[in-house]
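Here are my notes on the model you sent over. I have kept to salt bridges, internal space and one serine.

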Amino acid sequence: TLGYGIQTTTAKGAGSDTSINPPGPNNAFTITGVPFDFDNAADGVSGGVSAGYNLQMTKFVVGVFADYDWYNSSKQFTVQTGAGGAVVGDIGIDSSWTLGGRAGYLVTPHVLTYALAGYTSAELNGVPNASGLTVGGGIEALAGSGWSLKLEYRFTDLGSDTFSVPGVTPIVPPGTTTSATDAVGDADHNLHQIRLGLAYKF
C-alpha cells in the first residue's frame, strides 16, 4: 500500500504547576507573555502491508483487515512563549498499525465501493502511544488474475496529550516562589490519509 498523509497537531498552552510555595489559587501561574497557541501539519508519503478477509453476499461485501504502515513525515515548528522566547520542536508520524472492518456494495461485478472503521495506534514524534478511531471509505476494482486496485481516504483521531515547554519563566504572585522551569500545554493529534493499494485475492 502506498499513501500520502497529513498529520496535524493543535496545541494550546495552559500554564499550571503544583510547586508554588505557598500555593496560590488553583496553584496557577502565568506564562511570560501570551499563552502559546499553534496549529501545525506535517505531510509525507507512506508505505505498508495489509491483510484481510472478505465475505460476499450477493452484491454486499463485509470483511476485516489489518495494516502496518511506515511514514516519511516530519516538520519543525516554533512556539513563541513571550518575552522574546521561543521553543523549537518537531511533529510527524513514524509508523502505525490499524485493525478494522469494512462493508461495501458492488456497483458493478468488478467495482466495489465501501466504508471502513477501525482502531489505530501510531508512533508520533515525542508521542510513542497515540491511538484512536479510524473511519473512511474507498473504491476497489478488479484488475484480473486475482489482483485488484483500491483507492481510499482515512481519517484518524489520534487523541490528545499533555506536553511541557522547557525554560519558560513563570510569573508567580508576590511573596511566593516556584521551582517550575517548564510551562505545560495540551495537544490534539489527527491523521488524514489518501491510500492507493494493490491486493491479491487467494
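The points below take the salt bridges, then the cavity and the pocket, and last a single residue.

1. Status of the model. The structure is a predicted model. Please read the distances and volumes below with that in mind.

2. Salt bridges overall. Six salt bridges turn up in a search of the whole structure. In general, side chains of opposite charge can pair when their charged atoms come close. Three of the pairs are taken up in the next points, beginning with those of R195.

3. R195 and D69. These two residues form a salt bridge, with 3.0 Å between the closest N and O atoms. R195 belongs to strand β10 and D69 to strand β4, so the pair ties together parts that lie 126 residues apart in sequence. Both R195 and D69 are buried.

4. R195 and E152. R195 also forms a salt bridge with E152, where the closest N and O atoms are 3.3 Å apart. This pair links distant parts of the chain, with R195 in strand β10 and E152 in strand β8, 43 residues apart. R195 counts as buried because its relative accessibility is 3%, and E152 counts as buried because its value is 4%, the cut-off being under 20%.

5. The network. Which residues are linked with R195 in a network of salt bridges? They are D67, D69, E152 and R154. The pairs of points 3 and 4 should therefore be read together, given that D69, E152 and R195 are all members of this network.

6. R102 and E140. A separate entry in my list is the salt bridge between the side chains of R102 and E140, at 2.9 Å from N to O. R102 sits in strand β5 and E140 in strand β7, so the pair ties together parts 38 residues apart in sequence. R102 is buried, as is E140.

7. The cavity. One cavity of 30 Å³ or more is found in the whole structure. The largest cavity holds about 40 Å³ of space. Its lining consists of D69, Y71, S96, T98, T120, T134, R154, T156, L191, Q193 and R195. Strands β4, β5, β8 and β10 each give two or more residues to that lining, and β10 has the largest share, with three residues. By class, the lining is made up of two nonpolar, six polar and three charged residues. D69, R154 and R195 are among the lining residues, and these three also belong to the salt-bridge network.

8. The pocket. About 970 Å³ of space lies in the largest pocket. Its lining has 36 residues, and N54, R102, E140, A199 and K201 are those nearest the centre. R102 and E140, the salt-bridge pair of point 6, thus appear again here. At least two lining residues come from each of β3, β4, β5, β6, β7, β8 and β10; β3 gives the most, with nine residues. The lining divides into 20 nonpolar, 10 polar and six charged residues.

9. S121. Is S121 buried or exposed? S121 counts as buried because its relative accessibility is 15%, against a cut-off of under 20%. S121 lies in strand β6, which covers residues 111-124. Apart from neighbours within four places in sequence, S121 is in contact with S95, S96, W97, A130 and S131. One of these, S96, also lines the largest cavity.

Methods:
Residues are numbered from 1 along each chain as its sequence is written. This is a predicted model: local features need pLDDT of at least 70, side-chain atom pairs count only at pLDDT 80 or more; totals for chains, interfaces and linings use all residues. Side-chain values use heavy atoms; hydrogens and water are left out. Helices (H or I, at least four residues) and strands (E, at least two) are DSSP runs, numbered from the N terminus. Buried means under 20% relative accessible area, exposed over 50%, partly exposed in between (1.4 Å probe, protein chains only). Contact means heavy atoms within 4.5 Å. On a 1 Å grid over the protein atoms alone, a cavity is a set of points where a 1.4 Å probe fits but cannot get out, and a pocket is an open set with protein on both sides within 12 Å along at least five of seven lines; lining residues have an atom within 4 Å of a point. Grid points are joined across faces, edges and corners, and a volume is the space filled by probe spheres set on the points. Ala, Val, Leu, Ile, Met, Phe, Trp, Tyr, Cys and Pro count as nonpolar, Asp, Glu, Lys and Arg as charged, and the others, Gly among them, as polar.
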